[in-house]
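User: I should like a close look at a single part of this structure. Please choose one residue, describe its surroundings, and place it within the whole chain.

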Amino acid sequence: MLLYDDTAARVLHAAADEARRLGATRYETTHVLVGLLRTADPVTLTVTVDHPQLTVDAVRAALGQPRWEGGGAPPAGGSTPEPATEFRRASRDFTAAWRPLVRARRLRPGLKLGTGELWLSVLEPAAASARIVAASGAEPDDVRHLVLATMVPDGAPVPDWPTEVPAGAVRRLLLRVLGRGGRP
């Protein structure tokens, strides 16, 4: 977790706790969404002020999980869950859309990834957590706009989130070699 700041690391620990509570060995975007809601960091507080229906209990209910009466973190035991393929895919998709905004200086990230970046990952359209957000009555695109607003300097315009991401250099090369497009 060297890539994440302390607040985001706490979210990922909460996600791992959530996965462990359910007997999983890997945490997915839904676990990270619960972790974000459990830790109530400043970005999450901004989101939940506008979308109070996004709660830990609401997410668990949407997933068909019983309400957990244990209070804070579940009891420790077993190994710490690792990121699942679904979470890694959402993170990769987020990064592909986020990177051009950073390069164009429309977003200015910190030295490490924070909870804003985790929110953007769980809001990726292919992520299970985005479907849970939508099922709760919050439009993922609206939540994404709120998150992006927390990531820009005061007074700066909130960038539009890219719907299409340009192919990276390796992908362009493969497309050219395979004769399926790319630059001439």
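Analyst: Contact means heavy atoms within 4.5 Å. Among contacts in the protein chain between residues at least 6 apart in sequence, 69% join residues at least 24 apart. This is a predicted model, in which local features need pLDDT of at least 70 and side-chain atom pairs count only at pLDDT 80 or more, while totals for chains, interfaces and linings use all residues. Residues are numbered from 1 along each chain as its sequence is written, and side-chain values use heavy atoms, with hydrogens and water left out.

The chain holds nine helices and two strands; helices (H or I, at least four residues) and strands (E, at least two) are DSSP runs, numbered from the N terminus. Their order along the sequence is α-β-α-α-α-β-α-α-α-α-α.

The residue chosen is Glu 124, which lies in the loop between helix H6 (115-122) and helix H7 (128-135). Glu 124 is buried, a word that denotes under 20% relative accessible area (1.4 Å probe, protein chains only). Of the 184 residues of the chain, 40% count as buried.

Glu 124 nevertheless has no salt bridge, that is, a side-chain nitrogen of Lys or Arg within 4 Å of a carboxyl oxygen of Asp or Glu. The nearest side chain of opposite charge, Arg 144, is 5.0 Å away; Arg counts as positive and Glu as negative. Leaving aside neighbours within four places in sequence, Glu 124 is in contact with Ala 90, Asp 93, Phe 94, Ala 130, Arg 144 and Trp 161.

Definitions and conventions: Buried means under 20% relative accessible area, exposed over 50%, partly exposed in between (1.4 Å probe, protein chains only).
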